[in-house]
Structure formats: structure tokens, C-alpha cells
Amino acid sequence: MRAGLRTVTGAILLVLLFVLAFGGPLVSPCGWDETDFAAFRQGPSSGHWLGTTQSGRDVFAFTLRGAQNSLLVGLTAALLSTGLAAAVGTAAGFLGGRVDRVLMWGADLLLVLPSFLIVTVLAPRITGGWPVLAAALAAFMWMVTARAVRAATLRLREREHVLAARFLGVGAPRLVARHVAPGLASLLAVDASLNVSVAIVAESGLSYLGFGVRPPDVSLGTVIADGQGGATAHPWAFGFAAGLLVLIVVAVNLLGDGVRDALDPEAGR
């Protein structure tokens, strides 16, 4: 599949998923937090389009609420981690010396730590909902990208126009903004797009294990965990959430691969 087609396909699919996740509840006959005490694990009907869960919640509305939280966590974590990687990598590569050594030592230290285990231990003690969970995930997603940004910054700062600007007395912030940052844009754009799926899968795994989004709120991971017990006999409670998770990851990966190949054809080949 060509880069342009992948990009368009991924973007359209992702937009449709956002429309479904945030627009679907507006037309749903039930709210995500409503319980129908007369319908426990019932099949699809006019009152419950995709049936109900074992606790009497509407599968359609319940799952879309989980998709909303998973998408928000993924986007927020990706933006935070990419922004942190850009700041650390650029500072280390441009300033060099002791700043470079300290920042890269910190990145190497975090790389060897079992990040999923640490987040799992910290999650039950975290208050503040999904924004804090997204920040916790982002704290362990930036290190590899920061090293790539540092390497790119080291190359960019030695280019003739950058050296000429430094010779003329242009300050470091202006140099970075005008001459270094544009050269990092493609790397950071691809990293941000791919980190969305990484964060969504990580959050879903944590929620599936009971360490992610806290009750009474839900994410795709908690919806899948709630419906796994009856996945064979009552597939509507499990299949919709699992299908949405797969589609989100596929859409984001298609978009990220397309952007990468468009901005850096050599990487695609």
C-alpha cells in the first residue's frame, strides 16, 4: 500500500472511530452508566442495540464510553511523551557537555526500569483520573525518541547555516526554534502518531488487569475484562470492545506508517 493511501486510509478510519466514540452516545437509547435491572446479559434488541452486560449496562453506550477514555489517554500520553522527548533530546544535543551527560543518564536509567510493572504498582495509588494515568504512561515512553532527537540535533547544529547564525550572535532559543526544530518535525510527527497506539494498548492492558481507569469509569480494557467471561455464549459484550481496540490500533499504525514514508521515503524502503 502506498504511503499516501495508507495515510488517507488511517486518517479516515481514525476520524470515523472518533465520530463513533463521541457521537454515538448522543443517539444511544441508554446512558453508559445506566443499569437495566430487567435485562442482564440480554441479546441485541431495540432497547439495547448490542445487548447488555452481566451487570445490566447497555453494551453500545458502555463500550463507547470506554473508547472515549482510551482515545483520550492515548492522545494525551503520546503528546506528552513526544513533547518531553523533543525537549530533552534537543537540549542534550544542542547544549552538550554536562547537560547532555545528565539528561542521557536519566534516559538510560528509565530505559532499564520495568516501566509496565512500575505503572502497575503506582496506578492504585494514583488519583485524578485518566489525565494522571496518561501522564504516568508518558513518563516511560519518551526515552528512545529523546535519543533519536539528540542524534538529529547533533547533526543539525553542525550545518553551515546554523554555524553562521551562531557566529552572528543569534541566541540559542531562536536558533533551536528557527533552524533545529523544523528538521525534527518529521521525526516527532511520526513518533507522536505511533505512540498513540502504544499508549492505548498499554492503558487497555492496565485496565484489563484492574490497574488502569478507575471505577465507576471505564476504558476498553475494563470493558473487555468485563465481557471475557461470557465471550463465547454472549459475544456482543466482548466483541464490540475488542473490535474497536483493534481498529484504533490499525488506524493509528496506518496513519503513522504513511506519515513516516511520506516524510522519509528512505525509511519506508
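Student: Before we start, what does buried mean here?
Tutor: Buried means under 20% relative accessible area, and partly exposed runs from there up to 50%. Keep in mind that this is a predicted model.

Student: OK, so is F60 buried or exposed?
Tutor: F60 has a relative accessible area of 10%, so it counts as buried.

Student: And its partner F240, where does that fall?
Tutor: F240 comes out at 21%, so it is partly exposed.

Student: How many aromatic pairs does the structure hold?
Tutor: Three. One of them is F60 with F240, a stacked pair with 6.1 Å centre to centre and 10° between the planes.

Student: Which helices do those two rings sit in?
Tutor: F60 is in helix α2, residues 59-95, and F240 is in helix α10, residues 236-263. The pair therefore ties together parts that are 180 residues apart in sequence.

Student: Which residues form the aromatic cluster?
Tutor: W49 joins F60 and F240 in one cluster.

Student: Switching to the nonpolar side: how many residues has the largest core?
Tutor: It has 26, and I200, L220, L244, L245 and I248 have the most contacts inside it.

Student: Which helices supply it?
Tutor: At least two residues each come from α1 (3-27), α2, α8 (172-208), α9 (220-227) and α10. The most come from α10, which gives 10 residues.

Student: What does I200 touch?
Tutor: Skipping residues up to four places away in sequence, I200 touches S70, L71, G74, L245 and I248.

Student: What lies apart from that big core?
Tutor: Another core, of 13 residues, including V119, L133, A202 and V213.

Student: Now F140. Where does that one lie?
Tutor: F140 is in the loop between α5 (130-138) and α6 (143-156).

Student: Buried or exposed, for F140?
Tutor: Buried, because its relative accessible area is 18% and the cut-off is under 20%.

Student: What is F140 in contact with?
Tutor: Leaving out neighbours within four places in sequence, F140 contacts L110, S115, I118 and V119. V119 also belongs to that 13-residue core.

Student: What separates the C-alpha atoms of F140 and F94?
Tutor: A gap of 23 Å, with the two residues 46 apart along the chain.

Student: Last one, T82. Which helix is it in?
Tutor: T82 lies in α2, the helix that also holds F60.

Student: Is T82 buried or exposed, and what is it in contact with?
Tutor: T82 is buried, with a relative accessible area of 7%. Beyond its neighbours within four places in sequence, T82 contacts L188, D191, A192 and N195.

Note on methods. Residues are numbered from 1 along each chain as its sequence is written. This is a predicted model: local features need pLDDT of at least 70, side-chain atom pairs count only at pLDDT 80 or more; totals for chains, interfaces and linings use all residues. Side-chain values use heavy atoms; hydrogens and water are left out. Rings of Phe, Tyr and Trp (its six-membered ring) pair if their centres lie within 6.5 Å; planes under 30 degrees apart count as stacked, over 60 as edge-to-face and the rest as tilted. Helices (H or I, at least four residues) and strands (E, at least two) are DSSP runs, numbered from the N terminus. Buried means under 20% relative accessible area, exposed over 50%, partly exposed in between (1.4 Å probe, protein chains only). A nonpolar core is a set of buried Ala, Val, Leu, Ile, Met, Phe, Trp, Tyr and Cys residues joined through side-chain atoms within 4.5 Å. Contact means heavy atoms within 4.5 Å.
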